Each structure stands twice: as C-alpha cells, then as structure tokens.
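Work through the exercises below with the model open. Try each task before reading its solution.

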Amino acid sequence: MDVAGKVAIVTGGGGGIGGAIAHALVDAGARVVVTDLDGDAVTGVAESLGNSAAALSGDASDDRHIDVAVRLAESTFGPVDLYFANAGVGMGGGVDTDEAVWDLALDVNLRSHIRAARRLIPQWVERGSGYFVSTASAAGLLTQIGNAPYSVTKHAAVGFAEWLNITHGDDGVRVSCLCPMGVDTKLLRPEGDSVTQEQELMRRAVETAGAVLTPGAVAALVLEAVADERFLILPHPEVLEMYRHKGADYDRWLSGMRRYQATLR
C-alpha cells in the first residue's frame with residue numbers, strides 16, 4: 001500500500017513509536033488522527049504535524065473512543081484506510097500481579113485491537129481495502145522475563161493479528177504485526193522513582209538481548225513493511241532466529257531462558 005493520500009489513525013501517538021509513526025505517515029503524504037491518553041502530549045504531536053493531523057485524547061481500549069476517532073477521521077480527512085493499534089502498557093509482574101493490572105493489560109494490549117477491528121473491518125470488507133497494523137512485541141513471539149501480563153497479552157495480540165490476516169486477507173484487508181525488542185520509549189524506561197523490581201528485570205532482559213532502537217528507526221521500518229504488505233515486522237532481525245530456535249526445540253529454549261533469567265538476577 002502506498003500511504004500517500006491515505007487516512008490513518010494511530011493510537012498511543014503522544015510519543016514513542018506511535019508518535020514516530022504519525023510523523024512518518026505525514027512525511028509520506030498521509031493524513032492522521034493521533035490519539036493518546038495523554039491529551040497534552042498528543043496535542044503537541046498533532047500540532048507539530050500541521051494541517052495533516054488531528055489530535056484526540058482518550059482511552060484506546062474504549063469502544064466510544066474508537067468510534068469518536070473514526071468519526072473524527074472521516075469528518076476531517078475522509079474514510080479511514082489504515083489503523084495503527086499501537087497503544088500499550090507494560091505494568092505487571094509475576095503470578096501475584098493484581099487483577100486490576102491484568103485487566104488493564106488485557107484491555108489495552110489486546111481488546112483495544114479487537115474493538116478497533118470490530119469497528120473497521122466490516123466497512124473495509126465492503127470497500128475491498130483497508131490496513132490494520134498491530135503493535136505487539138518480540139515478547140509476543142518469545143516471552144518477557146519479569147512480566148507475565150505483558151508477555152501473555154502480547155502473545156494474544158500476535159494471535160489476533162494472525163487470525164485477522166487469515167480470515168480477511170482475501171477480502172482486501174491487509175494486516176501487519178510489529179514485534180520489536182528494545183525501543184527507547186517510556187515503556188522500556190519509565191520515568192520517575194517508582195520503578196519496580198520486575199520492571200528493572202524486564203529492562204535488563206530487553207537491553208542485554210539486543211540493540212535499543214529509536215522510535216523513528218522503527219517507524220521507518222513499519223512504513224516499509226506496509227508498502228510491501230508484509231505481515232511480520234521485525235526491527236530486530238535476530239528475533240526471527242530466536243523464534244526458529246524456540247520452535248525447533250522448545251524444551252531447550254525454555255531451559256536457556258531460565259539460565260538467562262538467572263544471570264539477570
């Protein structure tokens with residue numbers, strides 16, 4: 001897909017990967033509605049993009065917010081061609097993680113994708129075109145040491161993107177799934193003094209596994225993948241080799257991950 005002249009929605013666009021994707025889309029000639037829970041941040045991103053962008057604050061996992069975002073895009077720019085389900089949360093720990101944290105992770109990392117697809121897929125099928133880009137994580141293909149909710153919900157996000165691709169690929173709907181390792185965002189490196197032991201373990205696991213990329217570098221690769229209509233987007237190519245090792249000998253991979261976890265602790 002050539003994004004020039006297309007209309008997109010990017011969730012979690014107040015910074016990080018989402019903000020970088022919004023910038024890359026506008027640079028490529030698209031018009032974008034950028035949404036984020038942080039109203040000031042998303043307004044700043046949209047203002048930096050000029051007349052090609054509009055901002056909306058709200059919860060990307062809320063059906064009403066999704067509907068408002070779609071209607072804002074339609075009334076401002078035209079029918080939605082691309083939806084970047086990028087908003088995500090990284091809170092969580094082990095089996096003692098509070099139910100409210102599990103609910104938040106499930107809502108933002110998974111159900112927000114399902115709810116957006118429910119809103120857009122029928123009209124895309126009728127039109128015969130549309131593009132859904134899911135931001136998952138390398139954790140969705142491998143796992144995430146130190147964070148059960150993140151790992152589980154990112155696996156689920158990959159699974160939902162696969163299902164969408166298989167079910168509606170022949171209807172003209174394209175689907176890609178972004179699975180990076182370390183990216184220099186607040187998700188990897190939270191601000192403030194409230195970082196938990198689990199978050200610190202998660203950060204060390206990610207930073208020692210491979211390079212930490214800039215959001216801009218990831219966004220450029222996302223647009224390349226969209227142009228090629230490629231499903232799996234791997235900014236860290238080594239993830240594919242890790243995934244192959246996992247599938248080739250699951251028990252050996254699990255024991256290796258336990259050894260890796262022990263070195264981090």
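**Exercise 1. Determine how β1 and β2 pair, and over how many bridges.**

Solution. β1 and β2 run parallel, joined by 4 bridges. Strands here are DSSP E runs of at least two residues, helices are H or I runs of at least four, and both are numbered from the N terminus. Two strands pair if DSSP finds at least two bridges between them. Now take one bridge: I9 has V33 of β2 as its partner.

A note on the input. This is a predicted model, in which local features need pLDDT of at least 70, side-chain atom pairs count only at pLDDT 80 or more, and totals for chains, interfaces and linings use all residues. Residues are numbered from 1 along each chain as its sequence is written, and side-chain values use heavy atoms, with hydrogens and water left out.

**Exercise 2. Extend the pairing to the sheet: give the strand order and find the edges.**

Solution. Start with the order, which is β3-β2-β1-β4-β5-β6-β7. These 7 strands form an open sheet with parallel pairing. Next, the edges: β3 and β7 (232–233) each have a single partner strand, so one side of each lacks a neighbour in the sheet. Between β6 and β7 there are 2 bridges. There, C177 stands opposite L232 of β7. Last, add a helix: α3 packs on the sheet and touches β1, β2 (31–36), β3 and β4. The direction of α3 makes about 160 degrees with that of β3. Axes are lines fitted to C-alpha atoms, for helices over the stretch in contact; angles run from 0 to 180 degrees between N-to-C directions.

**Exercise 3. Sort the side chains of β1 by direction, then place I9 in its core.**

Solution. V7 and I9 point one way, A8 and V10 the other. All four are buried, meaning under 20% relative accessible area, where exposed is over 50% and partly exposed lies in between (1.4 Å probe, protein chains only). In a regular strand the side chains alternate between the two faces of the sheet.

Now list contacts (heavy atoms within 4.5 Å). Leaving out residues up to four places away in sequence, I9 touches V33, T35, A69, V70, A73, V80, L82, Y83 and F84. I9 is among the residues that touch the most other members of the largest nonpolar core, which has 36 residues. Such a core is a set of buried Ala, Val, Leu, Ile, Met, Phe, Trp, Tyr and Cys residues joined through side-chain atoms within 4.5 Å.

**Exercise 4. Check the length of α7, then find its buried face.**

Solution. Helix α7 covers residues 215–228, 14 in number. The expected span is 1.5 Å times one less than the number of residues. That gives 20 Å, and the end C-alpha atoms are 20 Å apart, which agrees. The buried residues are P215, V218, A219, V222, L223, A225 and V226. Down the axis they fall within an arc of 160 degrees, so they line one face of α7. The arc is that of the directions from the helix axis to the C-beta atoms. That face packs against α1 (16–27), β4, β5, β6 and β7.

**Exercise 5. Which sign does phi of E229 have, and is E229 buried or partly exposed?**

Solution. E229 sits in the loop between α7 and β7. Its phi is positive, near 55 degrees. Most residues other than glycine have a negative phi. E229 is partly exposed, at a relative accessible area of 37%.
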